[in-house]
Amino acid sequence: MSTLLSIEEPAAAPRRAKPQWSAFTEMGFRPLYLAGCFWALASVLLWVHAPARLTGVLNGMPWHAHEMLWGFVATIAVGFLLTAGANWTGKNPLRGTPLALLCVVWIVARAGYLVPGRPAFVVAAAADLLFFLWAACALGRAVAVTRNQRNYGIPFLLLGLAVANALYLWASVQGDYVALMRYFNAGLLCMAVLTLLIARRVIPFFAKRAVAGLDIPAHTRSGHWQLAAGIVAIACLVAGEPRAAALALAATGLIALAQWASWKPWAVRKVPLLWILYAGYGGLGIGLLAGAAHLAGYVLRPAWPAHVIGVAGFSVLILGMVT
């Protein structure tokens, strides 16, 4: 006899997999992008609405400048480099428990600067420097082991950020405002050179794939000149030669704007994730020219170049990259 109807229990609905902590710490951008963006919001709110609560050894304007550069922008850069480093080398520089511990070190630094007293400052400063040194060593190891010669210089730029950070913190303890600003500007330029290097790779790569028929140059040769000019500007600034630093910085900014123009910005106007990167790169180039004008002695308020570079450049690029 043939079966007219077969009755079976319905298959159980598949359970959704629970979020895994291991996935969150698999790539550097996941915890560090969230941490950096959260701290950008929290630290600006503190600076604007509760500056009287900034009672640590590093307080007031020095705290604000430090946390915007090393606490926010450089943190996002570390997250990007630890992630991109895995693509560049085929070896993940930092993952799992070591990455989680790196994030704990970062939290200790951010919290320590808010606590009054010299011991808290020492702990915060040690954690802050460890964060950048650890990231630079992890990236450097991945680059060296895989002999990824194209990226040999990037860990040294992270080390440069760490050195500028240490000098800035030392100048703040000594109460030397002139040295404080010199080392802040050196750190700002280290971050700018690193950002130009990253953006010059990322923007053409994304643009040519997102806009059909768009053919734009990678600017490898001009990028080498740009990198050299940026490093010269940093060296001259640290050596106390502002006029020479201004010339090198002007060259860096002009090269950035020439690259921007050759990338056909009008062609990407309908792709928001592209034009926000273009806007940030253009803003960074303009900011470098403002910095050159200030170093050359033209009448510009000291905070203007840092804010043009930081807000129109770094922050706009970060909005695009994080999104």
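How many disulfides does this predicted model hold? The count comes to zero, and the close-ups below take in two of its cysteines along with its salt bridges.

**View 1. Cysteine 37, with its closest cysteine sulfur 13 Å away.** The neighbour in question is cysteine 103. A disulfide needs sulfur atoms within 2.5 Å, so at 13 Å this pair is too far apart for a bond. As for its surroundings, cysteine 37 is partly exposed, at 31% relative accessibility.

**View 2. Cysteine 236, also in no disulfide.** Look here for the sulfur of cysteine 190, the nearest one to cysteine 236, which sits 13 Å off. Cysteine 236 is buried, with a relative accessible area of 16%.

**View 3. A salt bridge between two loops: glutamate 26 and arginine 95.** Now for the charged pairs, where the count comes to three salt bridges. In this one the side chains of glutamate 26 and arginine 95 come together, N to O, at 2.3 Å. Glutamate 26 belongs to the loop between α1 (21-24) and α2 (29-49), while arginine 95 belongs to the loop between α3 (60-89) and α4 (96-112), so the bridge ties together parts that are 69 residues apart in sequence. Glutamate 26 is partly exposed, at 27% relative accessibility. Arginine 95 is partly exposed too, and its relative accessible area is 43%.

**View 4. Arginine 110 meets glutamate 67.** Their side chains make a salt bridge at 2.6 Å, N to O. Since arginine 110 is in helix α4 and glutamate 67 is in helix α3, the pair ties together parts that are 43 residues apart in sequence. How much relative accessible area does glutamate 67 keep? The value is 0%, so glutamate 67 counts as buried. Arginine 110 is buried as well, at 3% relative accessibility.

**View 5. Arginine 110 again, this time with aspartate 128.** The closest N and O atoms of this salt bridge are 3.2 Å apart. Here helix α4, home of arginine 110, is joined to helix α5 (residues 118-145), home of aspartate 128, so the bridge ties together parts that are 18 residues apart in sequence. Both arginine 110 and aspartate 128 are buried.

**View 6. The network of Glu67, Arg110 and Asp128.** Put the previous two views together and you get these three residues linked in a network of salt bridges. Arg110 is the shared partner, bridging to Glu67 and to Asp128.

Methods
Residues numbered from 1 in each chain as written. Predicted model: local features only at pLDDT ≥ 70, side-chain atom pairs only at ≥ 80, totals over all residues. Heavy atoms only, no water. Salt bridge = Lys/Arg side-chain N within 4 Å of Asp/Glu carboxyl O. Helix = DSSP H or I, 4+ residues; strand = E, 2+ residues; numbered from the N terminus. Buried < 20%, exposed > 50% of the residue type's maximum accessible area, 1.4 Å probe, protein only.
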